[in-house]
Each structure stands twice: as structure tokens, then as C-alpha cells.
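Visitor: I'm new to this one, so could you pick a single part and take me through it slowly? I'd like to hear what it sits beside and how it fits in with the rest.

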Amino acid sequence: MSPLTQPRTLVAIAIVDTQKRRKPSKYYVYVFHIRWSNNSESVVYRRYSEIFDLHVRLLDRFPLDAGSKNPTDRIIPFLPGKKLLGRSQIKEVAVERQKAFNEYFKEFVQLPVRISGCEEVVDFFSTNDDDIEPNEGSSAVTAARDKRSISEPVTMPIYSVLTDYTKLNNNEISVSEGNTVEIAEKAHNGWWFVHTDTDQGWLPATYLVTTPEDEKLQPTITPEAYMTTADYRADNSDEISFARGELVHVISMNLIGWWKIRLVGKEGLAPAVYLRKINNANIKRHSTAADRPPRPETPPQQRSTPHSPPQQRSTPHSPPQQRSTPH
């Protein structure tokens, strides 16, 4: 069997550093040094929210090992850093969690192979495109630019909850109108990772009092090809309806999860949770050439703004583990 296809399991996991990222908003990633059973080593970058999601999925997949029936039977270690006291600072939280995480992962690799070596775990720690070409924030140029600011405390932004939200998945968070939350990460698809004093999880940005900067649509460099993953019927005149499995092009994005797309010569807003990026270069090249921009009916400066404020739009629900990776 080729070394490239030989099954492997985790031998050691260590967090060796934290690094700042800036897109789509400021957050930190952990730098992992991984050793595998086939004697290979790798370096990968993962966000706290990604580790949190993996942990929750494992609790759901191995309920008996999570102590769901008998707490004394639990062998999956507890994830550190759930409770944050006071109004937190991103850098300080990341550094403190680094120490606790190394203890967590020391226990993690000692779990039975059916857990620590399951496909989901192996895939999570395997090298991906972002590990080979890290996003902005990890290059030598950016590191030099951030030399002074990287150690400065960056306070997590605080947002007010617009209306009640009850979580539908274990890695989400329930909130009540008037609560305040700290934003640890803003994903482009409109799901934000938030903290309260006692809990944490994913929350649709449309349930928060967002800012004009969050709602501002930023044009993509070139139209990006996406596939629709579900039917959607437009509720407002500035939105666009589509069926599951249609090829569309995203022409601008924002942080609250309502993107402007182009479909068969028409443009409109669409919920990002129903879009999945296409990575096939041939499909992207041919589809982009085929779907030209529509002829404007009125000059751009005369177009009206969406009549429904983004924070009042409902967000179609999509399980967090199915969300696309933030760009």
C-alpha cells in the first residue's frame, strides 16, 4: 500500500502558537503540530469554533462515551474555555485556551481508536488548502506588520440580541431578546460564533442588532460559482428565488449571510446558507462565461436600497456542520 493511501491515526497533537487572521473579520487560529502513526508530521491551522464543532459532533456520535446515560462512563474529555468571565479580550482568551487545549488533546489522543481515529477526526486534522496557503494574517509580511499589534488586547465586540432564538443543534446557542453577546467570529454565511458569560455557540447574525458595516455588500473580485442546496422562494422584491441544484454566481457578500447572486441574467439577494461553493475549475470557467450581467433597467445610482432591513430578514436554518467555510 502506498504511504499516501495508508490508513493513519493520531499519535500526538500539540498547539505551538496562535496567529491572527483578518478575513472576514478579526479572529485567531491555533497552530497545531501533528504527529501521525505512519511517522509523518504536519502543521495545520484551526479556529476555536472549528474545534468546538468537532467536539460537539463527537459527543453526538459517541453518546455513551460522552456520559449521556451515566456521567461516570464519560471518557471524552471536557472542552476547555466554555465560560468567559467579564468582557473578554481575544488574544488573552486564545493564549489561555492554548495551555488548556494541550492538556485536552493529550487526553484526546489516548481515547480508543474508534474515537480518536474515526474518519471525522482524521479528516479534521488532515492538511487542507488553507493550511498550505494560509489566509491573510500568517504570511511573513503580515506577521511583520502585526509585530506591534499582535500582542495588544483586542476586545471582542459586543452586540445586543434583537429577538429570541432557540438553538436547533447542540453547537448553537439560545438567546433572549435584550441579551448581550460577545462576537468571537463572524462567518460570511451569516452564522456568528458568540459567547455569553455562561455559554457559547453559533447564532444567526439576523437575530442581532447588526451594524451598517456588517450589512454592507462587498463585491467579489470576479463572480464566484456556487450550487444551490435547497429550494428558496423570495419573500421580498430585492431577493431572488431558485430551485435546489441550480448553478448561480455570487457577485457580492456581507457578514450577515445575505449575498447578491446572479441567476439566468437576473440578480437578487439570497441566503448564503443555501449556497455551496464549486471548486471545479472547468465548471467555474465555462459557467462564468455563460452567465453575463443583466442590462441595468435603471442607472445604479437610482436603484433603491432593499426595503427590508437585513436584521429583519429571517435566516433559513442550516445545520452548522453543513455551513461553508468562511472565505
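Guide: Let's take a close look at one strand, then step out to the core and to a sheet elsewhere in the chain.

Keep in mind that this is a predicted model. Our strand is β6, which covers residues 191–195. Is it covered or open? Mostly covered: five of its five residues are buried. The side chains head off in two directions, with Trp191, Phe193 and His195 pointing one way, while Trp192 and Val194 point the other way. Whichever way they point, all of them are buried.

Now for the neighbours. On the way into β6 you come from β5, residues 180–186, and the two strands run antiparallel, joined by four bridges. If you'd like to find one of those pairings on screen, look for Glu182, whose bridge partner in β6 is His195. That's the His195 we just met among the buried residues of the strand. Between β5 and β6 the chain makes a hairpin with four residues between the strands. Stop at Gly190 in this hairpin, as it takes a positive phi near 95°.

Going out of β6, the chain turns again: β6 and β7 form another hairpin, also with four residues between them. Strand β7 spans residues 200–204, and five bridges join it to β6, again in the antiparallel sense. Here you can look for Val194, which has Gly201 as its bridge partner in β7.

One residue of β6 leads us further. Trp192, buried in the strand, is also listed with Ile13, Phe32, Phe101, Phe105 and Phe125 as the residues that touch the most other members of the largest nonpolar core, a group of 67 residues. Helix α1, residues 48–61, gives the most to this core, with six residues. In general, nonpolar side chains in soluble globular proteins tend to be buried together. For a feel of the packing, try Phe32: beyond its close neighbours in sequence, its contacts include Ile13, Ile51, Phe105 and Phe125, along with others such as Ser42 and Arg46.

Last, a sheet to set beside our strand. Five strands make up an open sheet, ordered β11-β10-β9-β8-β12, with antiparallel pairing. At its edges stand β11 (266–271) and β12 (275–277), each with a single partner strand, so one side of each has no neighbour in the sheet. From one strand to the next, the twist averages 45°. The partner of β12 is β8, residues 218–228, and three bridges link the two. There, Met227 stands opposite Arg276 in β12.

Methods: Residues numbered from 1 in each chain as written. Predicted model: local features only at pLDDT ≥ 70, side-chain atom pairs only at ≥ 80, totals over all residues. Heavy atoms only, no water. Pairing = 2+ DSSP bridges. Axes fitted to C-alpha atoms, helices over the stretch in contact; angles between N-to-C directions. Buried < 20%, exposed > 50% of the residue type's maximum accessible area, 1.4 Å probe, protein only. Core = buried A, V, L, I, M, F, W, Y, C linked by side-chain atoms within 4.5 Å. Contact = heavy atoms within 4.5 Å. Lists of a residue's contacts leave out its neighbours within four places in sequence.
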